Amino acid sequence: MKVVNNLTHSIDGMGIMKGRKAFTDDFAEKDTLIVKVMRSPYAYAKILKINDSEARKLEGIEMVLTHKDFKRIPFTRAGQGYPEPSPHDKFVLDEYVRYIGDEVLAVVGRSDEICDKALSLIKVEYEVLEPVLDFETAKDNPIVIHPENEIHEMFDIGFEPKRNIAASYAMEIGDVKKTLSECEYVIKETFYTQAQAHVMLEPHTVNARMDYQNRLCIYSATQTPFHVRRIISQGLEIPLSKIRVIKPRVGGGFGGKQAIHGEMLVAYVTYKTNKPAKMIYSRKEVFESSYSRHPMRIEMTLGADKDGKLKAINCEGLSDTGAYGEHALTVFMVTGSKVLPLYNKVDSVRFAGDIVYTNHTPAGAFRGYGAIQGNFALESAVDILCKKMKMDPILFRQINMMKEKETSPIFAIMGEGTAGTAMIMETCKLEECIEKGMELIGWKDKYPRIESKDKIRSVGMAIAMQGSGIPYIDMGSATIKLNDDGFYNLMVGATEIGQGSDTVLTQIAAEELMTTVDKVVIYSSDTDLTPFDVGAYASSTTYISGNAVWKAAKELKEKMIVEAARILKTNIENIDFDGKTFTNRVSGEKITLVDLSNQITYSHEQKQLQVTSSYVGHKSPPPFMAGFVEIEIDKATYEIDILHYVSVVDCGTTINPMLAKGQVDGAIVQGLGMAHFEEVIYGANGKLISSDLLNYKIPTRLDIKKLTTVFVDSYEETGPFGAKSVGEIGIDTPPAALANAVANALGVRITTLPITSEKIFKEMRRINDEK
Amino acid sequence: MIFMEVKELIRAIDAEAAYTLLNEFKGSKVMAGGAWMKLSVKSVDKLILLDDLNLDYIKEENEYLEIGAMTSLRTMEMHPTIKSLNSGILAKAIKSIMGVQVRNVATIGGSVMGRFAFSDILGALLVLDCRLYFHELHEISLFDFLQMPKVPRDILLSIKIKKSSGKGYFHKVSKTHLDFSLLNIAITKNELFKIAIGSRPQTATLAISTANFLNSQSVINEAIIKKAVEIACDEIKVSTNLRASKEYREVLLKTYLTRGLLEVIK
Amino acid sequence: MKINLRINGQSRQFLIEPNEYLLDVLRKNDYLSVRRGCDNTSCGVCTVLIDNKPVPSCSVLAARCENKEITTVEGIEKEVEKLAKYFGELGADQCGYCNPSMALTVYSLKLENKNANIEEVKEYLVGNLCRCTGYVAQHEAIMKYLGDES
């Protein structure tokens with residue numbers, strides 16, 4: 001391969017570092033209305049009266065929007081395909097506010113200052129209601145967070161709002177209770193994860209204007225432009241054909257922009273006033289009023305026989321989706337479907353649970369999407385089981401984990417919101433990943449621990465899997481057009497949010513067309529000009545959008561060969577093409593691509609050669625990885641130094657090896673943040689206290705000493721040039737790997753995230769006191 | 001975006017003018033670096049700037065370093081004498097604060113006048129015998145200044161720290177390299193020991209009884225240090241906040257004070 | 001109030017409010033490479049150089065910047081090209097939102113200490129957060145940039 005799996009610069013890095021206009025706010029109109037939202041100070045309240053007459057009179061205020069201005073059409077803000085597997089439980093503005101930070105009303109004015117002044121003049125009378133702040137008491141709580149009649153599910157997801165249940169799920173293969181009763185070793189442990197914040201550096205931003213065709217044209221920092229277009233159309237009853245959504249460069253998403261945020265209000269304002277409008281979330285709003293990860297409680301029971309074979313898994317989960325149910329069911333299902341198949345040789349497995357509403361900031365999509373929560377529970381539980389059995393944790397995994405050419409019955413049963421798709425693991429290099437990882441971290445010399453005067457060094461590990469798009473649901477398409485002068489335009493719906501999709505998709509096209517990346521110009525994510533794509537989520541871009549690009553490139557090549565055959569007066573079977581020149585093998589006559597393209601554009605038998613092709617996956621081949629961490633713990637203060645994290649990944653072909661490494665490195669650091677550095681803190685009244693970057697700390701350059709990321713040789717036949725996805729897999733292993741390393745160091749098992757030195761201190765003290 | 005409302009911005013022409021403005025108008029404030037003020041002040045009538053007072057300097061004398069109040073933290077941390085004074089603890093303390101961007105605008109004057117509980121510098125300054133020089137109040141020790149019930153409406157012109165050739169120790173415990181401390185400890189051992197504990201979460205203070213105990217000993221060994229640390233844990237009040245509990249802070253205090261004392265007696 | 005600001009060597013006059021921060025004045029006047037991230041000096045994304053020293057423009061009053069040299073990436077284009085080349089080579093480009101602020105900070109490090117080792121690079125840049133890359137490739141690229149004498 002000449003382009004794919006070769007060093008390739010990102011196609012846009014130079015222009016972006018030079019500071020060229022690229023991100024959403026850079027494209028806001030100069031003269032624009034500002035939309036600012038008044039946010040609820042209460043976790044649960046009913047709006048009784050809004051005194052806004054003073055604000056409306058203010059010079060420079062265009063309008064004040066309250067729930068009275070909108071027709072009651074429930075929708076979901078979740079950026080998912082239609083019909084969405086998330087409940088339609090949100091109105092543009094409602095008379096109930098359901099979390100501290102929820103939208104009460106909006107003011108629209110000529111400047112930030114005027115809007116702030118208007119907000120300060122508005123007095124809202126609330127009936128303050130008792131909130132539900134503990135997700136473990138939410139189910140069947142007499143306090144109902146969503147009593148409205150109009151809300152509904154799009155298909156059966158177990159939606160029971162009167163019981164505060166947004167969704168629920170259960171599946172069992174075999175008879176777990178029976179199998180467990182026959183097991184020699186059984187362990188049960190309960191794990192809690194936290195509502196991690198994405199902290200993408202660009203806050204959510206949207207701006208809109210009416211264009212010269214009198215259509216609503218929206219620029220949004222979104223991961224799902226096509227879903228945004230559809231949901232706005234539904235929520236505001238604007239015809240779909242009158243809306244255009246363009247996604248410029250996005251400053252990070254990680255799932256946090258896989259939903260509607262300010263777009264609904266801004267679209268309404270522009271559509272109503274015909275004036276440009278914009279909204280930028282403050283960092284506080286990003287924390288409080290966008291999304292977080294779903295915090296979960298997971299009860300994991302494992303049963304093994306006397307030979308160390310894992311026989312049964314029972315996984316019971318409770319997920320807190322916060323005030324609204326975006327991504328509720330689908331994240332929860334991934335906690336089972338992209339974790340439990342790792343141990344596919346069990347006799348029985350059960351996965352069940354509820355996703356409940358609470359009066360917290362809503363939870364939504366976040367890289368890993370349930371797999372990181374499930375992985376923490378399962379991979380920690382495995383080490384607990386190994387300790388009980390006195391069995392080496394690496395040996396246990398080698399015996400029980402998924403191997404190439406195997407399958408798991410879970411694949412057929414569990415999809416994302418619906419039934420799944422059976423599949424054989426055509427590529428699964430977990431054995432090699434573990435072997436290589438052990439070597440790179442120095443496992444044999446370091447496991448379980450090395451003690452010195454003041455410190456203990458230890459190692460811990462975990463394995464993980466993810467997916468590559470959602471089979472039979474996620475669709476991506478690509479259009480490739482041949483220009484005069486022999487270069488190509490590649491139009492894709494796929495959403496570049498920094499993960500490098502523009503570059504990777506360009507490489508795939510260039511490889512197939514046997515040219516170089518500078519000859520393929522990509523344009524992405526414009527609902528008018530680019531063909532459909534679900535967007536950047538579910539690790540679908542390389543696999544699904546990439547396959548669409550590959551197909552389109554192949555088809556365009558065939559069309560070019562037809563033209564060459566016509567020009568060179570022969571049959572298509574006699575044409576050789578090397579990317580630059582077409583040769584008639586029989587006569588030796590040639591024509592260059594440049595000449596051919598100019599001829600068919602301007603002089604003879606003129607036509608535009610262009611192909612649009614689509615791809616829907618029939619399977620979701622999982623990437624796999626083994627993660628190893630080496631830490632040093634202070635014996636007195638239990639402070640943890642993360643010395644080294646080794647990641648060995650099987651993601652099939654790395655279309656762009658450097659960018660793939662960057663995906664894993666970045667995800668590992670986010671995973672370590674979830675595991676140790678980041679801490680979500682709620683106050684007693686439901687207020688998110690860790691709502692700014694002074695108090696919510698993501699890992700810095702000095703916090704993790706060394707990362708080693710390598711890829712093993714692997715080729716997935718169904719992926720473009722053998723690729724699987726790589727966007728999410730990196731985030732899953734750090735929590736369990738760290739918990740296991742701490743257990744190896746001190747014999748203490750921390751089952752809640754984050755794993756902090758103070759938690760270890762408290763646990764050590766508790767154990768000492770018990771003695 | 002609006003953070004702080006400012007009715008009038010005034011560049012004071014000299015210290016007297018600044019002092020007069022500050023005391024004539026109740027709604028007036030002095031802005032030093034301004035980064036923290038943005039987050040903590042909602043509105044100011046008259047915002048007084050000292051940018052024209054030439055207070056950005058470091059003067060080295062035989063026994064003291066004199067540092068102008070508007071000197072940036074970054075300038076200080078890079079000064080060769082500050083880098084070497086008592087094992088460079090002041091430079092070390094400053095370097096641990098945020099990133100270079102913040103340290104290029106934050107000033108020593110603002111850091112001192114703010115009397116921030118989370119400050120990483122105040123402890124180091126205390127053990128370096130820091131003295132403050134105000135326009136009206138003239139000279140006062142940093143220690144006494146921190147005890148004052150209210151911050152005087154005065155213009156801080158400069159600080160002085162003693163140049164000594166003894167050892168020093170500074171340690172800050174924090175979750176990440178950009179976070180506020182859970183606790184910080186500063187020690188100098190010249191002829192005498194001086195010990196300061198900060199971010200307790202309360203503002204830094206001197207462990208006077210502890211230092212007195214150590215200073216009364218003819219020999220310092222591990223047993224003496226153990227006793228000293230016991231006195232410190234008794235003397236210095238730590239409590240619980242979002243970042244750490246009282247019990248955990250006590251462990252941190254015990255551990256790092258012990259390690260610090262062992263270090264400075266080497 | 002009126003002020004004169006020298007940006008990338010060019011003197012320009014602006015009409016500002018006394019409480020306006022440099023970040024907003026710059027963005028309002030089309031210096032769009034300077035970005036907003038957190039509004040409390042925690043992220044580094046708003047970094048500009050004042051007299052070749054990196055500062056958080058979200059927290060510096062524009063009114064205090066008269067007679068100082070303000071530099072944005074547009075003012076150090078050749079250096080940016082060099083750094084961008086190494087970022088490209090080492091796969092350090094992801095969303096790019098923090099890249100201009102990084103280029104400015106790295107440039108000021110080069111002026112101060114062009115022989116910085118990797119630990120010094122990490123320390124100097126600790127105030128520039130990145131959520132995408134995990135930092136590793138950025139550091140490798142920066143070391144190459146510092147070592148490039150051309």
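Two residues are taken to be in contact if their C-beta atoms, placed from the backbone, lie within 7 Å. The structure described here is a predicted model. On this criterion, 41 residues of chain A are in contact with 44 residues of chain C. On the chain C side of this interface, at least two residues each are supplied by α2 (77-89), α3 (99-112), α4 (118-124) and α5 (136-147) of chain C. The largest share comes from α2(C), with 8 residues. By residue class, the side of chain C that touches chain A divides into 23 nonpolar, 12 polar and 9 charged residues.

Helix α2 of chain C also contains Glu81(C). This residue has 13 C-beta neighbours inside 10 Å and therefore counts as partly exposed, a class that lies between exposed, at 12 or fewer such neighbours, and buried, at 20 or more. Between Glu81(C) and Gln13(C), which are 68 residues apart in sequence, the C-alpha to C-alpha distance is 29 Å.

Chain C is also in contact with chain B, through 21 residues of chain B and 21 residues of chain C. On the chain B side, β1 (5-11), α2 (35-40) and α6 (100-105) of chain B each supply at least two residues. Of these elements, α6(B) gives the most, with 5 residues. The side of chain B that touches chain C divides into 12 nonpolar, 5 polar and 4 charged residues.

Within chain A, an open sheet of 5 strands runs in the order β16-β17-β25-β26-β27, with mixed pairing. The edges are formed by β16 (449-451) and β27 (707-711) of chain A; each has a single partner strand, so one side of each is left without a neighbour in the sheet. Neighbouring strands of this sheet are turned by 10° against each other on average, direction ignored. The edge strand β27(A) pairs with β26 (residues 640-650) of chain A in the parallel sense, over 5 bridges. In this region Val648(A) stands opposite Val710(A), which belongs to β27(A). Helix α12 (residues 430-441) of chain A packs on the sheet and touches β17 (455-465), β25 (624-634), β26 and β27 of chain A. The direction of α12(A) makes about 25° with that of β25(A).

Elsewhere in chain A, strand β15 (residues 348-357) is mostly covered, with 8 of its 10 residues buried. Strand β7 (residues 165-173) of chain A pairs with β15(A) in the antiparallel sense over 8 bridges. Here Ile165(A) has Val356(A) of β15(A) as its bridge partner. Strand β14 (residues 310-322) of chain A runs parallel to β15(A) and is joined to β15(A) by 10 bridges. In that pairing, the bridge partner of Asn314(A) is Arg350(A) of β15(A). The connection from β14(A) to β15(A) passes through helix α8 (residues 328-337) of chain A, and this β-α-β crossover is right-handed.

The largest nonpolar core holds 384 residues, of which Leu490(A), Ala509(A) and Val549(A) touch the most other members. Helix α17 (residues 657-677) of chain A gives the most to this core, with 11 residues. Neighbours within four places in sequence left aside, the contacts of Ala509(A) are Ile480(A), Tyr488(A), Leu490(A), Val520(A), Val549(A) and Ala553(A).

Conventions
Residues numbered from 1 in each chain as written. Chains lettered and ligands numbered in written order. Predicted model: local features only at pLDDT ≥ 70, side-chain atom pairs only at ≥ 80, totals over all residues. Helix = DSSP H or I, 4+ residues; strand = E, 2+ residues; numbered from the N terminus. Nonpolar A, V, L, I, M, F, W, Y, C, P; charged D, E, K, R; others polar. Pairing = 2+ DSSP bridges. Axes fitted to C-alpha atoms, helices over the stretch in contact; angles between N-to-C directions. Right-handed = clockwise from strand over helix to strand, strands pointing away. Core = buried A, V, L, I, M, F, W, Y, C linked by C-beta atoms within 7 Å.
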